[in-house]
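Visitor: Could you walk me through one part of this structure up close? I'd like to look at the place where the chains meet.

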Protein chains: 2
Amino acid sequence: MSEDLPPWEKAREEFVAQWGSLGTQWGINRTMAMIHALLMTSPRPMNTDEVMERLQISRGNAHTNLKELVSWNLVRMAPKKGERREYFEAEKDIWKIFVTISRERKRREIEPAIQLLRDCALRTRDEPNGPGRDFHQQMRDLEEFLSFGVKVADTVVSMKHASALQWAMRLLG
Amino acid sequence: MSEDLPPWEKAREEFVAQWGSLGTQWGINRTMAMIHALLMTSPRPMNTDEVMERLQISRGNAHTNLKELVSWNLVRMAPKKGERREYFEAEKDIWKIFVTISRERKRREIEPAIQLLRDCALRTRDEPNGPGRDFHQQMRDLEEFLSFGVKVADTVVSMKHASALQWAMRLLG
DNA sequence: TCATATTTTCAATTAAAACTGAAAATTCCG
DNA sequence: CGGAATTTTCAGTTTTAATTGAAAATATGA
């Protein structure tokens with residue numbers, strides 16, 4: 001499978017495999033993380049068959065996860081002139097990747113949580129005292145923290161890489 | 001199961017259940033997230049049997065996930081005088097929760113990734129040009145970004161809540 | 001020490017998620 | 001229109017993760 005690869009490709013294989021394992025800890029499915037790693041380190045766009053071949057996975061699996069990556073805006077389709085089938089390429093700029101992932105996680109994970117906390121706070125707003133009141137306050141505190149975090153993240157994410165860097169450097173001392 | 005609860009407890013049940021679902025998206029197992037939600041909103045420490053009863057789960061499951069939460073430092077044991085069995089309580093301060101989760105995720109998820117990237121960069125440091133060189137550079141860029149992120153996070157996390165707030169406010173305008 | 005309360009472990013089971021492969025649908029072009 | 005190339009779907013299967021429940025281990029204190 002990997003007997004005649006140039007030396008850097010060996011390191012790449014290691015990277016792809018390990019990135020897959022790490023991904024599972026982040027709640028990302030292994031194949032999706034591996035395809036992402038593969039495309040991030042690919043010198044040129046790849047098509048579905050190349051991905052299947054390289055990772056030894058089925059067409060359905062490759063297809064599903066490629067589309068999932070596209071829906072995360074981490075991968076885009078790269079049409080090739082005179083080629084009918086679809087080629088895919090990943091964003092390689094780490095700042096852009098960071099911005100994209102932040103946006104998606106906010107939308108998919110943080111905002112629903114904020115919604116839940118608001119709902120729970122609302123439902124207990126008339127609790128006069130005791131545990132009910134504490135619960136209400138806890139919901140508000142959590143909601144406030146997440147909302148504030150979102151604001152900070154929005155600000156950072158809207159910056160250019162260089163500005164964000166400069167700003168962070170100032171924080172560091 | 002929940003027919004005679006005071007009104008705020010209804011909201012709490014909703015919170016616990018939903019927090020469990022949200023947890024799965026974060027790669028956290030549902031039961032662990034639910035126990036955490038339950039303890040975060042508990043007026044007092046709870047023992048294993050109370051958790052089992054409340055969430056309708058087995059002893060083994062309750063035990064495993066309580067210990068896992070303790071290992072994350074999100075829950076601590078709260079010995080009760082004159083009581084032999086163990087009581088558990090969760091940290092309720094959102095800033096402390098944030099700091100704890102940041103530390104743990106760094107240790108468990110970011111640092112292994114940095115290690116992998118360093119390793120891959122090292123293995124390709126002699127690549128002269130072309131794709132091998134690009135791969136090497138990509139590994140270094142990713143590593144640098146994560147390491148820098150860790151530094152920023154370390155700084156923020158070492159601050160008092162009020163200082164962090166003040167600092168973030170300045171960023172927001 | 002012995003009986004009892006409690007915690008811990010773990011083999012077996014169940015549930016959830018991921019994956020396959022082939023059929024169906026779609027697209028493209030002569 | 002055909003029909004070949006390609007993408008998409010999805011029922012069935014496999015793999016992985018979570019959960020149960022009871023036995024084993026440990027702690028307590030009479």
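Guide: Here is a look at the contact between the chains, followed by the core and the cysteines.

This is a predicted model, so local features need pLDDT of at least 70 and side-chain atom pairs count only at pLDDT 80 or more, while totals for chains, interfaces and linings use all residues. Residues are numbered from 1 along each chain as its sequence is written, chains are lettered from A and ligands numbered from 1 in the order in which they are written, and side-chain values use heavy atoms, with hydrogens and water left out.

Chain A brings 52 residues to the contact and chain B brings 53 (contact means heavy atoms within 4.5 Å). About 4600 Å² is buried between the two chains, and carbon and sulfur atoms give 79% of that; buried area is the accessible area (1.4 Å probe) that two parts lose on being put together, summed over both. On chain B's side, B:Trp8, B:Phe145 and B:Leu171 supply 14% of the area this chain buries against chain A, more than any other three residues. As for salt bridges across the interface, the rule finds zero (a side-chain nitrogen of Lys or Arg within 4 Å of a carboxyl oxygen of Asp or Glu).

Now zoom in on A:Phe15. Beyond its neighbours within four places in sequence, A:Phe15 touches A:Ala37, A:Met40 and A:Thr41, and from chain B its contacts include B:Leu116, B:Cys120 and B:Phe135. B:Cys120 itself counts as buried, because its relative accessible area is 0%, under the 20% cut-off (1.4 Å probe, protein chains only). A:Cys120 is also at 0% and buried. The structure holds zero disulfides over all chains, a disulfide being a pair of cysteine sulfur atoms within 2.5 Å.

Notes:
Buried means under 20% relative accessible area, exposed over 50%, partly exposed in between (1.4 Å probe, protein chains only).
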